[in-house]
Amino acid sequence: MKYISVISLILSANMASAEADFDKYETALSKVSSSNIKVLSVEDTPISGVKEVMIDGGRGSEILYLSDDGKYIINGSLFDIDNRVDLTDQKKSGIRKDLLASMGDSQRINFYPENMTQHVTVFTDIDCGYCRKLHAEMAEYNELGIGISYLFFPRAGLQSASFDKAVNVWCAADQQKAMTMSKAGEPVEPKTCDNPIAEHYKAGISSGVSGTPALVLDDGTIMPGYLPPQQLKQRLDSLSAK
């Protein structure tokens, strides 16, 4: 099975108005970036004369804000002061939710308890110290009813030893065993196969992942960094009670 970009599928399904002049914004952005930028969507914002422009520069989708004439770029978050809402993060949460919903079990490595009551997706790096600490406590997360799904985010990029280790784990006959071995620093037999590691990485970029582990809830909420089992359980219970 050839893995295709779930990001592209989601964004094409939610494309903004066909009247949007994508070429204008691509031309404007080409003046400040050497990357081959593709505009994926253009939408209005609460600010007159400013558009929300979603782009793909080759690593994954990002959100920028451009003036209608394409002369000015705002690279940052748009915050609704009265309602105390980060509109950019709210939009990214929706993207993360759709991304994760589109990635079924065939595109993850899962560690589920028998009676799962809560679920978290973790962007992980084989060589990340806190990722290894999290995995070493997997039994405790599972005992609390928390299921963990792994997506790979090799922080050194797609041409790195961490990426190769992720491929070795993915292509192993027993992915869970290979993941546990690799997280413990044990060598895993080098293998290659059709794999979604690059798509995992792009999904991480689009989700705003900048470090690992990055925990993402099913509603798209992101919680950067390691949390011990009991603390994660408390956070999940607190969020579900709202």
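Helices and strands are here DSSP runs, of at least four residues for a helix and at least two for a strand, numbered from the N terminus. The structure described is a predicted model, and the elements named below are those assigned in that model.

Two pockets were examined. The second largest pocket has a volume of about 260 Å³, and of the 10 residues that line it, Leu217, Asp219, Leu236, Leu239 and Ser240 are the closest to its centre. Strand E8 (118-124) and helix H9 (229-240) each contribute at least two residues to this lining, with H9 providing the largest share, 3 residues. In character, the lining of the second largest pocket divides into 3 nonpolar, 4 polar and 3 charged residues. The largest pocket, in turn, encloses about 300 Å³ of space and is lined by 20 residues, among which Glu62, Ile63, Lys92, Ile205 and Gly208 lie nearest its centre. At least two lining residues come from each of strand E3 (61-67), helix H3 (87-102) and helix H8 (197-206), and H3 gives the most, with 5 residues. The lining of the largest pocket comprises 6 nonpolar, 8 polar and 6 charged residues.

The interior was considered next. In soluble globular proteins, nonpolar side chains tend to be buried together. The largest nonpolar core of the model holds 30 residues, of which Ile109, Val120, Leu134, Tyr150, Phe152, Met179 and Leu232 touch the most other members. Two or more residues of this core are given by each of strand E7 (109-111), E8, helix H5 (138-143), strand E9 (146-152), helix H6 (161-171), helix H7 (175-183), strand E10 (214-217) and H9, and H6 gives the most, with 6 residues. Another core, of 20 residues, lies apart from the largest one and includes Val50, Leu78, Leu151 and Tyr201. Within the largest core, the surroundings of Ile109 can be described in detail: when neighbours within four places in sequence are left aside, Ile109 is in contact with Ile148, Ser149, Tyr150, Phe152, Val169, Trp170, Gln175, Gln176 and Met179. Tyr150 and Met179 are also among the residues touched by His135, together with Phe111, Thr180 and Lys183, residues up to four places away in sequence not being counted. His135 is placed in helix H4 (residues 129-136) and has a relative accessible area of 7%, so this histidine is classed as buried.

The cysteines were then inspected. The structure holds 1 disulfide, formed by Cys171 and Cys193 with their sulfur atoms 2.0 Å apart. The torsion about the S-S bond is about -90°, and the disulfide is therefore left-handed. Because Cys171 lies in helix H6 and Cys193 in the loop between H7 and H8, the pair ties together parts that are 22 residues apart in sequence. Cys171 is buried, at 12% relative accessible area, whereas Cys193, with a relative accessibility of 33%, counts as partly exposed. Two further cysteines are buried, namely Cys128, with a relative accessible area of 2%, and Cys131, at 1% relative accessibility.

Two features of the backbone deserve mention. Thr212 and Pro213 are joined by a cis peptide bond with omega of about -5°, and Pro213 is found in the loop between H8 and E10. Arg84, a residue other than glycine, has a positive phi near 55° and lies in the loop between strand E5 (79-80) and strand E6 (85-86). The relative accessible area of Arg84 is 70%, and because exposed residues are those over 50%, Arg84 is classed as exposed.

Definitions and conventions
Residues numbered from 1 in each chain as written. Predicted model: local features only at pLDDT ≥ 70, side-chain atom pairs only at ≥ 80, totals over all residues. Heavy atoms only, no water. 1 Å grid on protein atoms, 1.4 Å probe; cavity = no way out; pocket = protein on both sides within 12 Å on 5 of 7 lines; lining within 4 Å. Points joined across faces, edges and corners; volume = space filled by probe spheres on them. Nonpolar A, V, L, I, M, F, W, Y, C, P; charged D, E, K, R; others polar. Buried < 20%, exposed > 50% of the residue type's maximum accessible area, 1.4 Å probe, protein only. Contact = heavy atoms within 4.5 Å. Core = buried A, V, L, I, M, F, W, Y, C linked by side-chain atoms within 4.5 Å. Disulfide = S-S within 2.5 Å.
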